[in-house]
Amino acid sequence: MAFNVKINGKQHSVDVDEDTPLLWVLRDVLGLTGTKFGCGMALCGACTVHVDGVATRSCVTPVNALQGSEVTTIEAVGKTVAGARVQKAWLDHEVVQCGYCQSGQIMSAAALLASTPKPTDADIDGAMSGNVCRCGTYGRIREAIKQAAQSGSKGG
Amino acid sequence: MTDLARRSFLRTGAATGGGLLLSLTLPLTGGAQAAGDGPFAPNAFVRIGEDGRIVLVMPYVEMGQGTYTAIPMLIAEELEVTLNQVRLEHAPPDEKLYGNPLVAGVQATGGSTAIMASWQPLRQAGAIARTLLIAAAAKRWNVAPEACRAQAGEVLHPATGRSLKYGALAADAAKLPVPKEVALKDPKDFKIIGTPAKRLDAPAKVDGSAVYGIDARPPGVKIATLAQSPVFGGRVKSLDDAAAKAVKGVRQIVRLDDAVAVVADHMGAAKKGLAALKIDWDDGPHAKLTTDQIARELEQATLAAGAVAETIGDTAKALASAATKVEATYQLPFLAHAALEPMNCTVHVRKDGCDVWVGTQVAARAQAAAAKVAGLPLDKVVLHQHLIGGGFGRRLEIDGVTRATEIARHVDGPVKVVWTREEDIQHDMYRPYWFDRLQAGLDEKGRPVAWNHRFAGSSLPAGCRLASIRAWIRTVSTARSISPMDCPICMSNTCGSNRREFRPPSGAASARRTTSSWSKASWTNWPPPPSRTRSPIGSPSSKNRHAPKPCSNWQRPRPGGARRYLRVLVAVCRSSMYSAATWRRSRKSKLPRTARCGYGASWRRSIAASSSIPTR
């Protein structure tokens, strides 16, 4: 059965089983490989995308649950205000190492800032605790989120 | 943005990177050298086109350690270009050109060696190119080369104010003979080395455009996932794949001797198909082997006769007569590397050739592994290197390439074999298991008089770390008795030093807790482990590798002239360091075999047993 999914502002029709996780539609069917596979069980956060602005683990989100929803991936998050700020802060703070988890980290951070423009440390911990980084970039992630929040509060 | 073509050719623009142009160019067919080769390529690391494009070829792969920034810094410093003028390219497999001089010429990224190995050769590569470009400009202007200088991708003739960009000089420079020796810059003139440069790979890693091995998408690629025998050495006894074949999107089931793969249109279908397989395994010779059993055997090995590395004084006597004896034991478990990018490899086997897309720490070994399985000569196998989403030593092994090629042989067209996370953890080649037993003897005043260290485990870190132990405490006994281990292991980051640098100090701390204030001070000065004894190739100290000076009171004469004894006994038992190939051989022979790969001379010998350890 074909499903219509709206991804990064564009409608796609994909012919897959209804329970196919969004992750594989993105990566293998549509070729949007910026969203990463880490565990397939919503345990690592590498596959995080936005569904209607909410950080969502695409590896456990079936495609049939997305009718009428807007999906945003790392490839387009820079077009959102919060996403652009987060990406800039990520570069300013030299957050990445191997980089494999960073798509998911950025998506989680951008969703946090969109909903909570001035997050506390506890807010950051709450929003980011589901995103694993094997290189251990957590300290810089926290600093970058704070910078992105600050640049937002300055109206930048 | 759904640019389906960008997987084969990634270029990150200047938008978010402050003017950076980073190009990881990997053509999907043909040779591994990228299109757009310049006419000027004085060595394997620098190419400059007439269009001014400056390409630097990266001999060591980027997996988070920053090598795709540090190595360009070395080359750019001498080439006299800025970092935002260069494009980067993965090196193709070629050990003659890109072998790591610190790892016996193997094309390997590992052991924190890349910058040490590159320090002189890659600055020379840049300097050679610069020298030739200056010579080409001087010739054109009919002036002395000494009257010219290079700066930011141009050659200048200050006396007349003339300048020429490198691109304009590339064709002429290519015709000049390559000098055998060139002068390197005085470090005081460095403009790039020593500065906090921004990572060149960062922009592509924050917008999703960075391409890892798992992101390879050659046209027509199918996705496969697999189940390997849950017991090492087991094999497929029977297979019912009817339900799996009925899953929408599943195209093919590949049955191997010890694994089954499901080939599908996408990973979702492949995983669903995998779950629908009914596989009956023959668990093979290791069916009843447990981790507990391995641990027990290692513990026993630390009590049995081992082989002494080095002894000073009569440790047995000193321990026997010590007023207080302290013993501590430690176990280091098997550990999976758990890189965030699961194991994966994409392979297209054809009658006349084979393409491999993978992120690997050992490109040439990976190419050879694919060639062997595909039954093709090496020059018919094109390996496309990729960024690595975490290596930690796991991608120094080529079992994933071998496995993917075994599957691809049965598939018409390219197939990307992606391991599930569960498979990735279960079939890791683990960091070795170690059991350490430390004994200290203290005199009546709590002063250390004897030290005895026995350990048993896999041989992997023994060779590369004993020298450091020796430097640390001055006296080490080394000896090993080796027997097979039934579990595949491989390098993992700091698999030697994480025991070396924790256990002896920890044992010392145990002893310290029992001692008087005098000896507390003595133990407190336990020397920090020598974290680095190697120097960059070509640096003044590289031929004079000073061992760090021990800083403990062990060196100082003791009050009253009392003698002290020190012995470390090393018993390496049940050891092996399996490569995928040796592991495979062992499975086929139904016998676990001892194997060595990667470090120094063979560890497979048995060495004379040590004297017994005094017990409490």
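Which domains does the domain assignment of chain A give? In this predicted model, the assignment yields domain 1, covering 2-72, and domain 2, covering 77-153. Their C-alpha centres are 21 Å apart, and the two domains touch: 14 residues of domain 1 of chain A are in contact with 12 residues of domain 2 of chain A. On the domain 1 side of this contact, strand S3 (48-51) and strand S4 (54-57) of chain A each supply at least two residues. The largest share, three residues, comes from S3(A). By residue type, that side of domain 1 of chain A divides into six nonpolar, seven polar and one charged.

Let's move on to helix H2 of chain A, residues 81-92. At 1.5 Å a residue, its 12 residues should span 16 Å, and the end C-alpha atoms are 17 Å apart, which agrees. Many names appear among the buried residues of H2(A), including Arg85(A), Gln87(A) and Trp90(A). What covers the buried residues includes helix H3 (102-115) and helix H5 (138-153) of chain A, together with helix H5 (202-206) of chain B. Just after H2(A), Glu94(A) takes a positive phi of about 50 degrees.

Chain B also offers a sheet to look at. Three of its strands form an open sheet in the order S16-S21-S22, with antiparallel pairing. Strand S16 (324-332) and strand S22 (448-457) of chain B stand at the edges with a single partner strand each, so one side of each has no neighbour in the sheet. From one strand to the next, the twist averages 10 degrees. Strand S21 (residues 434-442) of chain B is joined to S22(B) by nine bridges, and Arg437(B) stands opposite Arg454(B) in S22(B).

Terms used
Residues numbered from 1 in each chain as written. Chains lettered and ligands numbered in written order. Predicted model: local features only at pLDDT ≥ 70, side-chain atom pairs only at ≥ 80, totals over all residues. Pairing = 2+ DSSP bridges. Helix = DSSP H or I, 4+ residues; strand = E, 2+ residues; numbered from the N terminus. Axes fitted to C-alpha atoms, helices over the stretch in contact; angles between N-to-C directions. Expected span 1.5 Å × (residues − 1). Buried ≥ 20, exposed ≤ 12 C-beta atoms within 10 Å, placed from the backbone. Contact = placed C-beta atoms within 7 Å. Domains from an automatic or database assignment. Nonpolar A, V, L, I, M, F, W, Y, C, P; charged D, E, K, R; others polar.
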